[in-house]
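Here's a quick walk through one model, written for someone who likes cut-offs spelled out. Have the viewer open while you read.

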Amino acid sequence: MPTNYLKNKTILVTGASGFIGRNLINKLSATGAKLIAVIPASESVFLPAETITYDGSFESLTVPFSESKIDFIVHLATLFLNNHKPEQITPLIDSNVKFGTHLLELCRQLKIPFFINTSTYFVFSQHNGYNPQNLYAATKYSFEAIMKYYEEITSTVYVTLELTDTYGPGDSRPKFINLVLDAIMKNETLKMSPGEQEICYLYIDDAVDAFICCMSLMAEKVITRNEHFSVYSGETYKLKDLVTLVASYMKADLPVEAGFYPYRDREIMKFQPTFPSLPGWKSKISIREGLDLINSKH
């Protein structure tokens, strides 16, 4: 995918220490763009980018950027909790609502032209309009409601990319496909739900390409107004069928206790994207090819 348009552009990335953020930063580092990674005060990471620490205050963003020209904000930072506890409500809101609102206000003050937000299909869990699967999804949608206000008062072009589940080498998150691979490597029994729910996995390189494609569409004025797009692969599996596929690929005799765990409250049983696909982008790497790439980098 051509990236010449990014040369000498300044791109601010939040969530840069996360799985998607690290991979995006690494890909962007070869484009000639100036990269700024915003990280929380609790983290210390090495990235091929200038790093700015966000301490929860708006001033921690405005002071470093008061003289800066920023072309893109790619907002990946999030706090994911499938089931929250009362003491986690404030961190959820701080991470998923307050921080993003500070970024939107930065857009307004510095007249930043392009903002890419990242969301989840958990927001529309029953595929009949807004119906969040959990409080995490509700906070993500709350931020989008605030973003709607900023759409009305600024000239910034806002795009929200609704991502499906991602996977790939170096992913330490407890995603289901990683739990399957881990059980195979450790020769352990995989304990799971009955496994009738559907899931759609997207290889990390395809996800990164979606963000770069989106930046291209915005820079070239193909996207000139505020849009939502779903980013997903063409492969959907029931969890139980995904286990069979991965075990077969790995030539493993994987013992499985299906039904050991009950379905979660408000479980999403059928995968269905909410928005149109991102124009000019399509996933390229199948699950089998993704497993090949993971194995080759072990």
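Where does Asn8 lie? Asn8 sits in the segment before strand S1 (10-14). Before going on, some ground rules: this is a predicted model, where local features need pLDDT of at least 70 and side-chain atom pairs count only at pLDDT 80 or more, while totals for chains, interfaces and linings use all residues. Residues are numbered from 1 along each chain as its sequence is written, and side-chain values use heavy atoms, with hydrogens and water left out. Helices (H or I, at least four residues) and strands (E, at least two) are DSSP runs, numbered from the N terminus.

**Two asparagines with positive phi**

Back to Asn8: its phi is near 70°, a positive value in a residue other than glycine. Asn8 is exposed, with a relative accessible area of 62%. (Buried means under 20% relative accessible area, exposed over 50%, and partly exposed in between, with a 1.4 Å probe and protein chains only.) Asn187 is not a glycine either, yet has a positive phi of about 55°. You'll find Asn187 in the loop between helix H5 (176-186) and strand S8 (190-192), and Asn187 is exposed too, at a relative accessible area of 66%.

**Three buried glutamates**

Now for some acidic side chains. Here's where they sit and how much of each is accessible.

| Residue | Location | Relative accessible area |
|---|---|---|
| Glu105 | helix H3 (residues 89-110) | 15%, buried |
| Glu151 | helix H4 | 15%, buried |
| Glu267 | loop between strand S13 (256-258) and H8 | 13%, buried |

What does the side chain of Glu105 make a polar contact with? One partner is the side chain of Arg108, at 2.4 Å. Another polar contact, of 2.7 Å, joins the side chains of Glu105 and Tyr150. (A polar contact is a pair of N or O atoms within 3.5 Å; within protein, one must be able to donate a hydrogen and the other to accept it, and residues adjacent in sequence count only if both atoms are side-chain atoms.) Leaving aside neighbours within four places in sequence, Glu105 is in contact with Phe58 and Tyr150, where contact means heavy atoms within 4.5 Å.

Glu151 touches Tyr158 and Asn226, again not counting residues up to four places away in sequence. Glu151 and Arg225 are 74 residues apart in sequence but 9.1 Å apart in space, C-alpha to C-alpha. As for Glu267, its contacts are Gln133 and Gln197, once neighbours within four places in sequence are set aside.

**Helix pairs**

How do H3 and helix H4 (residues 135-153) pack? Their axes are 10 Å apart, at an angle of about 15°. Axes here are lines fitted to C-alpha atoms, for helices over the stretch in contact, and angles run from 0 to 180 degrees between N-to-C directions. H3 and H4 are therefore roughly parallel to each other; angles under 35 degrees count as roughly parallel, over 145 as roughly antiparallel, 65 to 115 as roughly perpendicular and the rest as oblique. The crossing of H3 and H4 is right-handed, meaning that the near helix is turned clockwise from the far one by less than a right angle, whereas anticlockwise would be left-handed. Glu105 turns up on the H3 side of this contact, with Leu104 and Arg108 also among the H3 residues, while the H4 side includes Phe143, Met147 and Tyr150. By class, the contact of H3 with H4 has 12 nonpolar, five polar and three charged residues. (Ala, Val, Leu, Ile, Met, Phe, Trp, Tyr, Cys and Pro count as nonpolar, Asp, Glu, Lys and Arg as charged, and the others, Gly among them, as polar.)

Next up are helix H1 (residues 19-28) and helix H6 (residues 204-219), whose axes come within 10 Å and cross at roughly 60°. That makes H1 oblique to H6. H1 passes H6 in a right-handed crossing. In this pair, Phe19, Ile20, Asn23, Leu24, Lys27 and Leu28 of H1 meet Ile204, Val208, Asp209, Phe211, Ile212 and Met215 of H6. Sorted by class, the contact of H1 with H6 has nine nonpolar, one polar and two charged residues.

Finally, the axes of helix H7 (residues 239-249) and helix H8 (residues 287-296) come within 11 Å and cross at roughly 50°. H7 is thus oblique to H8, and H7 passes H8 in a right-handed crossing. On the H7 side, Leu242, Leu245, Val246 and Tyr249 meet Ile287, Arg288, Leu291, Asp292 and Asn295 of H8. The residues of that H7 and H8 contact divide into six nonpolar, one polar and two charged.
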